Amino acid sequence: MAALITKATGVEPYFVGKPNPLMMRHVLNAIGAHSETSAMIGDRMDTDVVAGLEAGMQTFLVLTGLTRPEGIERHPFRPSHVVDSIADLVDLV
């Protein structure tokens, strides 16, 4: 859809959704939180982890979703923590 609008207008869109750090900063401000005391938990390296890292947060990659352990090495960045299940986060809190 964005390509159609770009073609018609000649203007590239600015994407605000994940992994754009602007979206993450807006949410942190809306809930009165700070990136130093917040964390991003997700199952995708290409959206969840990169969004958290670009917003300055710790990141937790949960391996019960899309990203497999061997998929982590395909990216030039790394999550702060990798856990097998969301249940593993209880011990870290």
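Helices here are DSSP runs of H or I that span at least four residues, numbered from the N terminus. With that in hand, the predicted model can be walked through starting from helix α3, where D48 is found.

Helix α3 covers residues 45-54. Seven of its 10 residues are buried, so the helix is largely enclosed by the rest of the structure. The buried set in α3 is M45, T47, D48, V49, V50, A51 and G52. As for what covers them, these buried residues pack against α2 (21-30), β1, β2 and α4 (69-72). After α3 comes G56, which has a positive phi, near 85°.

D48 deserves a separate look, being an acidic residue in that buried set. It has a relative accessibility of 6%, and it counts as buried because the cut-off is under 20%. Which residues touch D48, once neighbours within four places in sequence are left aside? The contacts are K18, M40, G42 and D43. Two of these, M40 and G42, also form the covered face of strand β1 (residues 39-42).

On the other face of β1, A39 and I41 are uncovered. This fits a general pattern: in a regular strand, side chains alternate between the two faces of the sheet. Strand β1 pairs with strand β2 (residues 58-62) in the parallel sense, over four bridges. Within that pairing, G42 has L61 in β2 as its bridge partner.

L61 turns up again in the nonpolar interior. The largest nonpolar core has seven residues, namely M45, V49, V50, L61, L63, I72 and F77. Helix α3 supplies the largest share of this core, with three residues. F77 ties in well with that helix: setting aside residues up to four places away in sequence, F77 touches M45, V49, V50, L53 and I72. A second core, separate from this one, has six residues, among them L28, M40, A55 and M57. M40 therefore belongs to a nonpolar core, which by definition is built from buried residues, and M40 is also one of the contacts of D48.

Not every nonpolar side chain is tucked away. M1, L4 and I5 make a nonpolar surface patch of about 390 Å². L4 sits in helix α1 (residues 2-9). Is L4 buried or exposed? With a relative accessibility of 61%, L4 counts as exposed, since the cut-off for that label is over 50%.

Charged pairs come next. Side chains of opposite charge can pair when their charged atoms come close. How many salt bridges does the model have? The count comes to two. In one, R44 pairs with D46, and the closest N and O atoms are 2.9 Å apart. R44 is partly exposed, at 30% relative accessibility, and D46 is partly exposed too, at 38%. The other salt bridge joins the side chains of E73 and R78, at 3.2 Å from N to O. Here E73 counts as exposed because its relative accessibility is 58%, while R78, at 36%, counts as partly exposed.

Put together, α3 brings three residues to the largest nonpolar core, and the buried D48 also lies in this helix.

Note on methods: Residues are numbered from 1 along each chain as its sequence is written. This is a predicted model: local features need pLDDT of at least 70, side-chain atom pairs count only at pLDDT 80 or more; totals for chains, interfaces and linings use all residues. Side-chain values use heavy atoms; hydrogens and water are left out. A nonpolar core is a set of buried Ala, Val, Leu, Ile, Met, Phe, Trp, Tyr and Cys residues joined through side-chain atoms within 4.5 Å. Buried means under 20% relative accessible area, exposed over 50%, partly exposed in between (1.4 Å probe, protein chains only). Helices (H or I, at least four residues) and strands (E, at least two) are DSSP runs, numbered from the N terminus. Contact means heavy atoms within 4.5 Å. Patches are made of residues with over 30% relative accessible area and no salt bridge: like charges are joined within 9 Å, nonpolar side chains (Val, Leu, Ile, Met, Phe, Trp, Tyr) within 5 Å. Accessible areas come from the Shrake-Rupley method with a 1.4 Å probe; for residues, only the protein chains shown count as cover. A salt bridge is a side-chain nitrogen of Lys or Arg within 4 Å of a carboxyl oxygen of Asp or Glu. Two strands pair if DSSP finds at least two bridges between them.
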